[in-house]
Amino acid sequence: MVISIHPKDIKSFFYSQYFSDGLRITIGVLLPALVLTQFGKLGFGIDMSLGALCVSIVDTPGPIIHKRNAMAISNLCIFSVAVITGFARLNIYTLGLEVTLFSFLFSMLAVYGNRAAFVGTGALLVMILMMDQATKPDQVITVSAVTLLGGIWYMVFSMVFFGIRPYRAAQQALGENIFDIAQFLRIKADFYDPAVDIDANYQKLVSQQIKVSQNQDIVREILFKSRLLVRESTSASRILVLTFVDLVDMLENIMATHYDYAAMHEKFKGTGILEEVSKIIHHMADEVDNAAFIVLSNAKHKYPFDFLPELEDLKIKIDALNITHKTSNLVLKKILINLRDVNAKIATIYDYYSSNSARLLFENRRKIEYSKFVTSQDYAPHVFADNLSFKSTVFKHALRVSAMCLLGFMVAKFISTGHHSYWILLTIIVILKPGFSLSKQRNYQRLIGTVSGGIIGIGILLLVHNKIAEFAFMVFFMLGCYSFQRLNYVVSVLLMTPYILILFSFLGVNNIVTERITDTAIGSVIAFLASYLIFPSWEFEQVNGYLSDVICANANYLTKIAESLSGKTIDITEYKLARKDVFVKSGNLSAAFERMTSEPKSKQRNVKEVHKFVVLNHILSSYVATVAAELMEKNLPNPKPEIVRSVRKSLAMLNEASKKLGGAKTELLSEHVHIADVTPKSSEPFTDEALLKEQLGFINKMSTDISRVTDNLVV
C-alpha cells in the first residue's frame, strides 16, 4: 500500500497547533540547560529544564487564563513535591510512603477535569525524576528552588508566546476542526457510492465523529471562554467566532444529507445519479480542506470553486428521472437543497477571509449567548471528598495507580539491576489510565515506540561521531516528540527514545538502551495486569448512561421540531444548544463504543446491540437535523395536526427508552397543540410536505427501532 502525502499536508502540519506546541515546549525546555551550560552550571540547567518540562505538561490547548492558572498551581505543586522528595529519598521507607500517598493524591486531581489531571501528572513526574538524584540535605531547598525557577520560566515564556499572537491558538484549533469536518464529509459522500459497504462506512463515520466532537469542544473552550475573542469587536476575533458558528451550521447541513442509503441504492441503481452526488460531495470536501488551510495559514484566498453549474446540472438530471424512470425524485431534490446549503456555508467561510469580510462581519446577525455553549468546572473541595468512594471511577483509578507505583518502586529498588529504575514508575503513570482499553492502547504504543526508537538511537550513536550532528539529531527528535505527543503517541515515543539516548550520551551515560527497554517492559506488564485485575473499569458498566444521555439529547432536539411545527418561535440559542448537545453526546457514545470493542471479549456485553444503537442514533440525529435545519429558516404553512402527532409519538418512544435505561425524560408537547398563525421566516417555499411526512415517518421508525434495541439491552 502506497501512502501519498500532499505538499499541502506537510505545510498544514507546520502551521498546526501540534507543531506550534512542539516548538514552544522544545525551546522552553532546552533553553535553560543550554544557557546555563555556557556559564558552567550544567547541573542547575538540567534542574531548570526539569521544572520547565513538568510545567509544559499542563500547557495544553485551551483559554490562556486557564493555562496561566494551571501552570501557576503546577509550579506550587512541583516545588512542594521536589522539597518533600529531596528529604524523603534519604530513607527508603519514607520514599516508599511518599510514592504511595502522592500517587493516590495527584491521580485524584482528575475529578477536576483534564487540565487538573495534567497538574497531577507533572507533580508525579518531578517526584519520579528526583528520586534517584544524589542531592544532599543542605542542597534540597536550592535544587527545588532552581526547579521552580525553571517552571516559572516556562510559564512566562508560554504566556509571552501566546501574547505575541493572541489569536493564533484559536486559528489553529479551528483550522484543524475544519480538516476533521472535511474528512467527515468525504465519508458521508461514500454512502452515495453503490459499491460502498454501508455498515463498514458507518464504522468509519463513527470514528470520525469522535474526532470532530472532541476538537469542537477544544474550539468552544478557546473561543467562548476567552474574553478577548468573544467580547472584542476586532475583525480577527469576529472572524474566528463567526467562522466557527457557520462551521457548526455546516456540520448540521452535512448530517442533513442523510437518507435510507440502502433503499436509495436499490431505487436509483443504474441511473448514475448517486455517483454524481458522491462526486460533488467529494469535491466540496476538497474545498472545505482548502478553507481549513486558509484558516490555519491565516492567508488571503483565491475565490472558492463555483459549484452552482454542477448543482444546476445535477438538478436537470434529477428532474429527468421523473420522465425517464417514472420514479419519485423528492429525496434527490432534498439532497440538492442540502448541497446548496453546504455550498453557501463554504462560500461564507471563504468570504470571511476576503476583502469583503468587513461587510459580513458587522452585518445584523441573530444574537447568540456564547457563554452557554461551554461548561464550567466546579473546583470546590467537596468534589474531591464526594469522589472518595468506590462508586467513583477516579477513586478506583487512583487506588490502582497508588498500589502499582508502590509495586513498581519495590521492583526498581530490590529487583531491577539498572541505574535509571525510575523508568519503571514513569512507564506506569504514563500507561495506566482509568479505562482498560486506553491502558491497553498506551501499553502497546509505548512498547512499540520504545523498541523502534531504541534501534534508531543506537544506529545514530554508532554511526555519527560528531557532537554538533548529534546535537542536531537530538533537537530534531525532541521537536518531533513534543509535536506528535497529542497527534500520534507511537511516533512521539519512537522519537522520544533516541532523543533521551543522545541526551544521556552527552551527560556521559552510555549503554542504557537495554536498561530502558527492560524497565519499560516491566512497567508495561505491571500497568497491563493492574488495569485488568485491580478495580477494573469496563465500558459495559457505564454504557447505559451514554445511551440514555444521547436519547435525551435527541428527544430534546426533536422537541424543537415539534415546537416549530406548532408555530412557536424557537430561540436560536436554545435550538443551537440542543443541537450541540446531540453532537457532544453522540461523540461520547461513539467513543465509549470504540473503547468497548478494544476490551477483552469476555468483558464485552451486547456489543452487536450497542453497535446497532450507535448506528440508529446517528441515523436518527441526521434525520432530525434534516428537518430541523429547514424548519429553523422556514415555517410550514398550515401544518396538519397529524404531523405534530407523529413527532409526539416519536418523543413518547424515546422517553420510554430513556426511562428503561435509567435516564431522564423530555417533556412532551400537549395533545391539543395550538397551530399558530405565523409569518413565514423566509419567502422561500418549504420543501414538499409529502417529503416532510416521509422524513417524520422515518424518524418514527428509527425511534421504534431504538426502543426495541433498548429492550434487548436491558433484558
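The secondary structure of the chain amounts to 28 helices and zero strands. The model examined here is a predicted one. Of the 715 residues in the chain, 54% are buried. Among contacts with a separation of 6 or more, 82% join residues that lie 24 or more positions apart.

Three helix pairs are described in turn. Helix 3, spanning residues 42-56, packs against helix 4, spanning residues 64-88, at an angle of about 130°, and their axes are 9 Å apart. Helix 3 is therefore oblique to helix 4, because an angle that is neither under 35 degrees, nor over 145, nor from 65 to 115 is counted as oblique. The crossing in which helix 3 passes helix 4 is right-handed. On the side of helix 3 the contact is formed by G51, C54 and V55, and on the side of helix 4 by M71, S74, N75 and I78. Sorted by class, this contact of helix 3 with helix 4 comprises four nonpolar and three polar residues, with no charged residues. C54, one of the residues that helix 3 brings to the contact, has a relative accessibility of 0% and so counts as buried.

The pair formed by helix 9 (residues 198-224) and helix 25 (residues 572-597) packs at an angle of about 130°, with the axes 8 Å apart. Helix 9 and helix 25 are therefore oblique to each other. The crossing of helix 9 past helix 25 is left-handed. Helix 9 contributes V206, S207, Q209, I210, S213, Q216, D217 and R220 to the contact, while helix 25 contributes K580, F583, V584, S586, G587, S590, A591 and E594. The contact of helix 9 with helix 25 contains five nonpolar, seven polar and four charged residues. Among the residues in this contact are D217 and R220 of helix 9 and K580 and E594 of helix 25, and residues of these types, Asp, Arg, Lys and Glu, are classed as charged.

Helix 20 (residues 436-463) and helix 22 (residues 489-506) pack at an angle of about 40°, and a distance of 7 Å separates their axes. Helix 20 is therefore oblique to helix 22. The two helices, 20 and 22, cross in a right-handed manner. In the contact of helix 20 with helix 22, 13 residues are nonpolar, nine are polar and two are charged.

Two individual polar residues were also examined. Q171 is located in helix 8, which covers residues 168-190. With a relative accessible area of 9%, Q171 is buried, because the cut-off for burial is under 20%. When neighbours within four places in sequence are left aside, Q171 is in contact with L240, V295, L296 and N298. T427 lies in helix 19, which covers residues 422-431. The relative accessibility of T427 is 1%, so T427 counts as buried. Apart from neighbours within four places in sequence, T427 is in contact with R446, D519, T520, G523 and S524. R446, one of these contacts of T427, falls within the residue range 436-463 of helix 20.

The cysteines were considered last. A disulfide is a covalent bond between the sulfur atoms of two cysteines. Under the criterion of cysteine sulfur atoms within 2.5 Å, the count of disulfides comes to zero. C481 has a relative accessibility of 2% and therefore counts as buried, and C54, at 0%, likewise counts as buried.

Methods: Residues numbered from 1 in each chain as written. Predicted model: local features only at pLDDT ≥ 70, side-chain atom pairs only at ≥ 80, totals over all residues. Heavy atoms only, no water. Axes fitted to C-alpha atoms, helices over the stretch in contact; angles between N-to-C directions. Helix = DSSP H or I, 4+ residues; strand = E, 2+ residues; numbered from the N terminus. Left-handed = near helix turned anticlockwise from the far one by under 90°. Contact = heavy atoms within 4.5 Å. Buried < 20%, exposed > 50% of the residue type's maximum accessible area, 1.4 Å probe, protein only.
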